[in-house]
Amino acid sequence: MSNATFNKQWNDAHQLLQTQVDYETSKDPAVAPRDKDAAFQHVAVLYIKYIQIHRKLESSYDQIVHPQKRRLLKDILLAVTARMVELKHHLVDLTATDTPPLHDVLLDLKLTPSHLSPSIPRFHLERQQAVTAARATQLDALGARTLRGAEARSLFGELRAGEAVRVIQAHERGRQGKLRARYMRDIRVQVQRERDLDAGDDEGEVVAAAVRIQRVYRGYKDRKVARARLQEELVFLGMAQPTRTGATTTAQLPSAKADANRTRRKVVQVQHEEEYQAALKNTKEKIAKVEGPDMKESMQDAFRQWYMDYKRTHGKFPEFPADKVWQAPGFRFAAFDGENSGDGEGGEGGDGAGGDGAAAGGKDGEGGKGGGKEEKGGKAGKDAKGGAKKPGSGKKGKGGKGQEEEDEGPQFVFDVSKHLDGVKAGCQTYGTVWQTKDESDNFAQKHDQEIIKVSKRKEVEAEIKLEVFEMLKEELKNLKLAVDRDKNSKGKKGKKGKKGKGGKKGKKDKGKKGGKKGKKEKDLTGNRTMESLVEELIQNGILQKFPHVSMSDIKGEFDYLTSSKSTEPVILPTMAEICRTLTEYCILPVCHPDATAMPSVRTLLLAGASGTGKTLLVNAIASETGSQIFNLSPKNTMGQYQGKPNVTKMVHMVFKVAKAQAPSVVYIDNVEMVFAKKVPKDDLSDPKRIKKDLLKQLKALKAEDRVLVVGCSHKPWDGEAKAVTAAFEKILVTPKPDYASRFALWREFVMRKAPAGAARDLNLSLLTRMSHGLAAGTIQLVCERVMTDRRMKLLRVRKLSTNEFVEQLLSLPPVNTDEDRLFKEWFEKTPLVKKRIAALAGPEEEDDPKGKGKGAKGKAPPAKKK
């Protein structure tokens with residue numbers, strides 16, 4: 001695609017974004033939702049629209065090569081990302097579930113669930129590419145282990161000696177029978193050849209043979225062309241996968257062409273960025289050399305003219321403006337009255353700069369004379385910030401009761417987001433600078449020199465102002481001293497005033513401002529370098545390497561059946577919804593340059609049956625964020641760092657290195673045993689030894705540390721529920737795949753090894769139905785047992801059949817349904833699900849907040865008869 005395509009895509013996103021900003025900033029209480037369901041619809045529509053805008057902006061930023069446009073587009077993209085994550089947290093607060101159902105809203109907007117997947121910014125990985133490559137080299141050089149999940153129990157039993165002998169006998173007999181059949185076939189072919197030679201050549205038979213050969217070949221050729229056309233049509237309609245055979249065919253696929261075009265544009269981006277940086281440097285030097293002396297001279301002339309006019313009018317020299325006043329953009333001496341130096345009463349400055357300085361320079365920070373009215377203005381500003389009020393919040397008049405009944409019901413309060421200002425400023429800049437700019441002569445999309453000149457002229461002027469104004473301040477001071485000296489020499493010497501006791505005023509209350517300081521944590525490895533700590537963690541198998549997995553590699557479908565008005569207390573998500581939630585909770589906040597700009601999650605618990613993809617999700621989070629993984633699982637650290645001081649040192653080292661080399665992921669498998677009430681006797685890993693130090697480190701984690709702690713558990717009910725839920729901010733259940741997800745998994749696992757033609761005859765619907773209740777890891781294991789390397793070599797002789805997979809499925813042990821029940825019961829005890837249950841069961845309590853629904857003596861009302 002061309003530059004014009006991505007410019008148009010950005011323009012389309014700008015139009016949508018401008019509509020969103022206008023809608024959100026209006027904040028008309030008359031159109032505000034009046035109940036919880038309307039509030040959910042309002043926030044859900046905003047959230048979905050921001051996702052669409054985010055996808056367009058991210059795609060445009062990844063492909064646009066203009067360096068100045070990229071800077072503005074990145075600012076808008078970051079602001080939209082932060083706003084989108086904010087809205088997701090608002091949805092979670094409204095619905096009390098981390099995966100709110102949005103199917104009804106999607107139908108109203110005529111969108112598919114695939115439109116709900118937010119794009120992961122690729123610029124973060126590009127920025128981390130050099131660091132990630134250096135870390136990978138270091139891990140390989142020191143022989144780091146590879147992250148692996150918990151060893152699952154063997155689903156296929158081992159063969160006994162008798163069964164193994166029978167299998168070998170059957171294969172040997174089959175081999176001998178094949179050899180015998182091949183030998184007999186060769187004999188028959190030889191006999192037939194001899195008969196044909198003895199029969200002689202007949203001209204009629206030769207012609208008939210030639211006609212038969214032509215007919216067979218023509219039929220074969222036409223059938224091949226028809227199959228090719230049918231395959232092209234099915235691929236075009238999305239009913240079949242494109243063929244993966246042949247280098248020429250693969251290179252001609254649209255996805256391959258798009259990847260090649262993206263690689264080429266990345267090279268152009270680097271070239272244009274280098275040219276832009278060189279132009280910035282050269283333009284600044286040129287402006288400083290050519291226009292710098294004139295700027296300096298004009299500033300000095302304006303200053304001298306100003307203080308001479310002031311002295312002529314007032315008979316004395318003025319006070320030099322405060323630093324906040326003259327450093328403000330657009331400051332001019334001609335508009336400054338010379339009374340406010342930053343220490344006196346408030347005054348007004350020119351061009352909006354003096355006003356800021358006056359507000360900052362009043363007595364005790366109250367703005368001088370205007371301080372008396374600040375309280376009312378502050379209250380008004382607070383009310384304006386709070387958004388729409390609830391009805392009946394003001395004072396009641398005579399008709400207050402009727403008005404309250406008319407406005408009955410809580411009204412949704414608009415939230416105030418600081419990111420809307422960034423979005424609005426970016427849209428305004430785009431509309432004034434780039435939207436209507438004629439770029440017909442800039443086909444290559446290189447930098448705009450005029451914009452560089454304007455920005456660098458302001459920068460040079462600010463630097464010269466900083467240098468010159470310090471000299472002017474000294475000049476004015478010297479003039480005042482000279483005038484005072486002349487006055488003192490002409491007049492009589494007056495009595496010397498007594499010195500005040502001013503020097504030691506502030507010493508009395510010294511040290512009382514901050515209160516008691518908290519006890520600073522002792523650095524147990526303060527005498528060691530970071531390189532030695534990293535090397536020790538790698539050699540002990542705690543800092544590990546991991547396979548690169550992207551979120552798009554994890555297959556799953558969305559839930560199409562759950563309504564947004566569902567009253568189910570537990571909404572179990574699908575794998576696609578888990579991926580979207582992890583992207584918003586863990587990946588997008590880390591990719592943002594300012595980690596505190598949006599809500600983020602520091603601790604996360606993934607609970608699910610074995611094989612549901614918990615460790616795979618951890619690998620995807622680390623891969624998408626460019627993080628490194630520290631494995632603090634009890635079985636991984638078993639036998640290391642014996643003794644309480646050494647355990648404390650180990651946990652301290654892990655979090656110290658994780659914070660120093662952020663972003664990082666601390667992975668703890670079987671985390672329920674760390675918080676278990678009683679550890680089984682056969683568990684020799686002593687998992688509870690890290691509990692105290694781990695909780696201490698979790699409590700000290702901050703968003704700016706960019707450290708994510710992920711615990712995985714396949715039996716969360718074995719741990720103490722209160723301790724587990726208190727340690728982790730978010731708890732997500734990785735589900736077993738539903739029908740749509742299982743169908744996608746079967747297709748993915750089969751297509752991963754077998755070509756499209758070989759898997760065409762498989763009955764994937766039958767396999768999907770038969771695999772009900774199986775985890776994704778079990779389905780993958782079945783495919784690996786069937787599609788071995790030897791079996792793939794025999795595809796030319798014998799195609800894959802559905803019966804081969806059915807035999808492996810039948811040999812699996814029966815599905816344990818009690819495990820699903822235990823997961824659901826445990827998940828109902830988590831704080832967020834409890835909140836949802838209370839919200840669904842207590843509408844009457846919300847209408848009667850003071851508890852007036854109870855009897856006069858505090859007794860509960862009698863239960864209704866069934």
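The legends below describe close-up views of a predicted model.

**Figure 1. The surroundings of Arg706, a buried residue without a salt bridge.**
Arg706 is located in the loop that runs between α22 (691–700) and β5 (707–713). Asp594 is the nearest side chain of opposite charge, and it is 6.1 Å away from Arg706. A salt bridge requires a side-chain nitrogen of Lys or Arg within 4 Å of a carboxyl oxygen of Asp or Glu, so the pair does not count as one. The side chain of Arg706 instead reaches backbone oxygens: that of Val590 is at 2.6 Å, and that of His592 lies 2.9 Å from a polar atom of the Arg706 side chain. Leaving aside residues up to four places away in sequence, Arg706 touches Pro589, Val590, His592, Pro593, Asp594, Ala595, Ala662, Pro663 and Ser664.

**Figure 2. The largest cavity of the structure.**
Rolling a probe the size of a water molecule over the atoms shows where empty space is left. Five cavities of 30 Å³ or more are present in the structure. The largest cavity has a volume of about 170 Å³. It is lined by 19 residues, of which Cys586, Val590, Val601, Arg706 and Val707 are the closest to its centre. Two or more lining residues come from each of α19 (575–591), α20 (614–625), β4 (664–669) and β5. The element that gives the most to this lining is α19, with four residues.

**Figure 3. The salt bridge between Lys266 and Glu126.**
Side chains of opposite charge can pair when their charged atoms come close. The structure holds 29 salt bridges. In the one shown here, the side chains of Lys266 and Glu126 meet with a distance of 2.8 Å from N to O. Lys266 belongs to helix α10 (residues 254–290) and Glu126 to helix α5 (residues 123–127), so the pair links distant parts of the chain, 140 residues apart. Lys266 counts as buried because its relative accessibility is 16%, a value under the limit of 20%. Glu126 counts as partly exposed, at 32% relative accessibility. Both residues also belong to a network of salt bridges that links Glu58, Asp62, Arg122, Glu126, Arg262 and Lys266.

**Figure 4. The salt bridge between Arg602 and Glu729.**
The side chains of Arg602 and Glu729 meet at 2.9 Å, N to O. Arg602 is in the loop between α19 and β2 (603–607), whereas Glu729 is in the loop between α23 (721–727) and β6 (730–733); the pair therefore ties together parts that are 127 residues apart in sequence. Arg602 is partly exposed, with a relative accessibility of 30%. Glu729 is also partly exposed, with a relative accessible area of 37%.

**Figure 5. Helix α28 and the salt bridge between Arg791 and Glu804.**
The side chains of Arg791 and Glu804 form a salt bridge of 3.0 Å, N to O. Arg791 lies in helix α27 (residues 789–793) and Glu804 in helix α28 (residues 802–810), so this pair joins parts that are 13 residues apart in sequence. Arg791 and Glu804 are both buried. The buried residues of α28 are Thr802, Glu804, Phe805, Val806, Gln808 and Leu809. They pack against α24 (739–753), α25 (764–770), α26 (776–786) and α27. An α-helix has 3.6 residues a turn, so residues three or four places apart point the same way.

**Figure 6. The cis peptide bond between Ala662 and Pro663.**
Most residues other than glycine have a negative phi, and most peptide bonds are trans. The bond that joins Ala662 and Pro663 is cis, with omega at about 0°. Pro663 is found in the loop between α21 (644–660) and β4. Ala662 and Pro663 are among the residues that Arg706 touches.

**Figure 7. Positive phi angles at Gln445 and Tyr641.**
Gln445 is not a glycine, yet its phi is positive, at about 60°. This residue is found in the loop between α16 (419–434) and α17 (449–490). Gln445 is buried, with a relative accessible area of 5%. Tyr641 likewise has a positive phi, near 55°, and is a residue other than glycine. Tyr641 lies in the loop between β3 (628–631) and α21. At 13% relative accessibility, Tyr641 counts as buried.

Methods
Residues numbered from 1 in each chain as written. Predicted model: local features only at pLDDT ≥ 70, side-chain atom pairs only at ≥ 80, totals over all residues. Heavy atoms only, no water. Buried < 20%, exposed > 50% of the residue type's maximum accessible area, 1.4 Å probe, protein only. Lys, Arg positive; Asp, Glu negative; His and termini not counted. Polar contact = N/O pair within 3.5 Å; in protein donor to acceptor, adjacent residues only side chain to side chain. Contact = heavy atoms within 4.5 Å. 1 Å grid on protein atoms, 1.4 Å probe; cavity = no way out; pocket = protein on both sides within 12 Å on 5 of 7 lines; lining within 4 Å. Points joined across faces, edges and corners; volume = space filled by probe spheres on them.
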